[in-house]
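Here is a short report on side-chain pairing and chain contacts. Keep the structure open while you read.

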Amino acid sequence: MEDASERMRAVRVVKLTLVVGVAVLIGVVAYTLTRSPPRVLRAGLTPQTVLSPLEGAGEACQGDELLPAHTSAIRLSIVAYIGARMRLTVYSGSQILTEGSRGPDWTGTSVTVPVKPLARTVSNVKLCVDVGPNSEAIYLFGRETPPAQALSVPTGGRLSGRLDVAYLGSGKGLWWSRVLTVARHMGLGRAFSGTWIALLIAALVGAVGVLAAGLTLRELS
Amino acid sequence: MNRLTFAVHSPIARARTGRAGGTRPSSRMAVLRHVPTAAWVCALVALLNAVTWSLIVPPFEGKDESDHFAYVEQIVENGSLPENGQPNGTYSLQEDLVLEGLHAGEVIHSPQSTSISSEAEQRALIKANDAGASRRGSGEAGIATGEPPLYYAIEAIPYLLARGNILVELQLMRLVSAIFGAITALCTFLFVREILPRSPWAATVGAVCVALEPLLAFMSGSVNPDSMLYPVTAAVFLCLARAFRCGLTRRLAVLLGALLAVGFLTKLNFLGLAVGVYVGLAVLAVRELRAKGRATLRWPLLAGAIGILPVVLYALRNLLERHHTLGDASGAGSLFAPGELVKLLSYVWQFYLPRLPGMTHYFEGVATYKDIWFDRSVGLYGWMDTMFSPWVDNVALIPAAAVALLFGRELIARRQALRARLPELGTYMAMVLGLLLLIGASSYDSDALHHQPAFGEPRYLLPLLPLLGGVFTLAVRAGGRRWSPVIGAALVALVFGYDVVSQLQVVARFYG
């Protein structure tokens, strides 16, 4: 008798916990949908060449950049399998306009560093990238340019070109307003196309959740 | 299912009854009938989850998927393995056309580039897909070239079913991988119940959490031999657990040996795990020898012999054709030379753990255990180009630490029981260490010796998922009668939420 009531209590607790869990998940998804996807405020040069394989820590600066208003992150075409600490500083003359940093937890062909947004666009700024200690080579990607426009290093030398830099900020629409566009997009790129693919995915996710929760409850009771 | 029902249906109970009564299930179907319904549901969860991921991830955006596809294409279209030995192999013209139609070159490794997004691009893709160009490449398959052929031979079946349409071929091949994901969850369920039979509900929670694991679903939703390595290893764990509980019977020895052989034929990474399995067979042999005498030694020997057979045949074939005896693995011996061994061990240590004083710096500025293994375990999808923001990785430390604390608490509380099962746990640890050493040594060879990338991808650790299921189970059990239901349900909700959020991250990356 005591065992049965204990089991009933456990079932109630599990149900409640699962309901709370699903409610939190719905809340998180709903909150995310009320945010704006990132948007490229200013694209950089299409990267075409490796400017420099960087072994160990180092710094390089690039002048003549335009910092768009409301830039919340700066994306650099830097390739690494195991990233390194990055520190970005944007100068207007000798004055620091904004700065940001990123730990070594990145990998791939670009690194995005969050920065504090400014309310106005500033032209002719200097962007300095400080790459922290690293044991693997880190490759800067960009386009070859005349030396005067190229990345400069503290020793006074120049690399062979300019680094590809993209300035990111919040998009204008919310994720919520893009749901249909995203669903249509998901229906492309396959042999069978159509928005129904997004619906099928949603149904499958629902089925997975119901089965997992159902199994958890069934095994308890 | 209550405890009485479990006692009747449990694999352990069956084995015990079978031994006592001298009966055995008469057929494979009988064995399958005794698998608890919950295990099938768990497998179904993993299957549907992997199918979902296979539909979310655009074609050829699974890790190295174009190379693995090229391997299958090589087997079917040329009737040979991809081993021309050319340094710069090319895909078939038809595969290249489809990759071009998908804009794969611009999307892969570039999180800022989404997949194709207009009807015009879709029409161009379908046109490329229907071009009917040559299906013969240069005879290479990129990074997949050196891998053993079994997974690819199996994937030739869906390829043949949809032959002539690359996009359909790829989707069907992904569904086969999804079935492997389901088998992984099934074996994990049975393994966890085998090692922790007194906690059936907690074990179910542990297995469900594994079935919902997004990295497993991502890998099982793409064409990659890792997807087959996971169920093979999970089945090996299950067989070992059964052997330690009920003894290594002839049937179990043959099955374990066959699984070893399949593992060797699936992916080179299995070599690391196999070391631990052979340690387990040695431990079982010693135990059986002490208990029952020499006659029982034949079953561990049989398992080991069956398992090593493909390696022996492969070595013989290489000798006859005057290739390196162990193919790509032949060069590995030099890593263990006396001069190199200390450096190798130092590298492997730092690959996973904080550097000790006096060690050469191999990962300067990087806390490998956090920046590589933990953060990338939280989320690393696509061609390593889809990750969460760093703050998500930091938040994830909280539930991870909670599970670790609960797991540790339960281990301490049950230390007496642990002591009694040290040989079994030692075997699992040997498998873990073998795998870690193999990944670390491969990374050392690539990174430290040849200045190529290190091999820091959490997917390499997924063969250890059954043990993660055990960790979840013990964490749930640590709550006692009062808190276990809350912890278990919270874990299921958490991992399901994690899965959904990971899917949304991938959706945003490719379609946002």
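The text below covers the interface, salt bridges, aromatic pairs and a few backbone points.

This is a predicted model.

## The interface between the chains

Start where the two chains meet. Chain B puts 81 residues in contact with 53 residues of chain A. About 5500 Å² is buried between chain B and chain A, and carbon and sulfur atoms give 67% of that area. Three residues stand out: B:Leu55, B:Trp201 and B:Tyr511 supply 12% of the area that chain B buries against chain A, more than any other three residues.

How many salt bridges cross the interface of chain B and chain A? The rule finds one. In that kind of pairing, A:Glu219 and B:Arg193 meet through their side chains, at 2.5 Å from N to O. Polar contacts between chain B and chain A come to 19 residue pairs, both residues being at pLDDT 80 or more.

Several helices of chain B each supply at least two residues of the side that touches chain A, among them helix 4 (37-56), helix 8 (119-129), helix 11 (200-211) and helix 23 (480-511). Which helix of chain B gives the most to that side? Helix 23 does, with 18 residues.

A charge also sits over a ring between the chains. B:Arg376 lies over the face of A:Tyr81, at 5.4 Å from the ring centre. Within chain A, the charged end of A:Lys126 sits over the ring of A:Tyr91, 5.6 Å from the ring centre.

## Salt bridges

Side chains of opposite charge can pair when their charged atoms come close. The whole structure holds 25 salt bridges over all chains. Three of them are listed here.

| Salt bridge | Closest N to O | Accessibility of the acid | Accessibility of the base |
|---|---|---|---|
| A:Glu65 and A:Arg162 | 2.7 Å | A:Glu65, 7% | A:Arg162, 11% |
| A:Glu99 and A:Arg87 | 3.0 Å | A:Glu99, 36% | A:Arg87, 36% |
| B:Glu288 and B:Lys292 | 3.7 Å | B:Glu288, 6% | B:Lys292, 53% |

Take A:Glu65 and A:Arg162, which form a salt bridge. A:Glu65 is in strand 3 (residues 58-67) of chain A and A:Arg162 in strand 11 (residues 161-163), so this pair links distant parts of the chain, 97 residues apart. A:Glu65 is buried, and A:Arg162 is buried too.

A:Glu99 and A:Arg87 form a pair between strands. A:Glu99 lies in strand 7 (residues 95-102) of chain A and A:Arg87 in strand 6 (residues 86-92), so the pair ties together parts that are twelve residues apart in sequence. A:Glu99 counts as partly exposed, as does A:Arg87.

B:Glu288 and B:Lys292 are four residues apart in helix 15 (residues 270-292) of chain B, so about one helical turn separates them. B:Glu288 is buried, whereas B:Lys292 is exposed.

Salt bridges also form a network in chain B. Its members are B:Lys63, B:Asp64, B:Asp226, B:Lys267, B:Glu457 and B:Arg459.

## Aromatic pairs

The count is 24 aromatic pairs over all chains. One of them joins B:Phe69 and B:Tyr159, tilted at 45 degrees between the planes and 5.9 Å centre to centre. B:Phe69 lies in helix 5 (residues 65-78) of chain B and B:Tyr159 in helix 9 (residues 150-161), so the pair ties together parts that are 90 residues apart in sequence. B:Phe69 is buried at 0% relative accessible area. B:Tyr159 is buried as well, at 0%.

B:Phe191 and B:Phe237 also make a tilted pair, with ring centres 5.5 Å apart and planes at 55 degrees. This pair ties helix 10 (residues 166-195) of chain B to helix 13 (residues 226-246), across 46 residues of sequence. Both B:Phe191 and B:Phe237 are buried.

Elsewhere in chain B, ring pairs link a cluster: B:Tyr347, B:Phe351, B:Tyr352, B:Tyr362, B:Phe363, B:Trp373 and B:Tyr444.

## Backbone points and one helix residue

Most residues other than glycine have a negative phi. B:Phe60 has a positive phi, near 65 degrees. B:Phe60 is in the loop between helix 4 and helix 5 of chain B, and is buried at 0% relative accessible area. B:Met384 has a positive phi of about 60 degrees. B:Met384 lies in the loop between helix 18 and helix 19 of chain B, and counts as buried at 6%.

Last, look at B:Ala396 in helix 19 of chain B. B:Ala396 is buried, with a relative accessible area of 18%. Neighbours within four places in sequence aside, B:Ala396 is in contact with B:Phe374 and B:Val378. The C-alpha atoms of B:Ala396 and B:Pro463 are separated by 22 Å.

Definitions and conventions
Residues numbered from 1 in each chain as written. Chains lettered and ligands numbered in written order. Predicted model: local features only at pLDDT ≥ 70, side-chain atom pairs only at ≥ 80, totals over all residues. Heavy atoms only, no water. Phe/Tyr/Trp six-rings, centres within 6.5 Å; stacked < 30°, edge-to-face > 60°. Buried < 20%, exposed > 50% of the residue type's maximum accessible area, 1.4 Å probe, protein only. Lys NZ or Arg CZ within 6 Å of the ring centre and 35° of its normal. Contact = heavy atoms within 4.5 Å. Buried area = accessible area lost by both parts, 1.4 Å probe. Salt bridge = Lys/Arg side-chain N within 4 Å of Asp/Glu carboxyl O. Polar contact = N/O pair within 3.5 Å; in protein donor to acceptor, adjacent residues only side chain to side chain.
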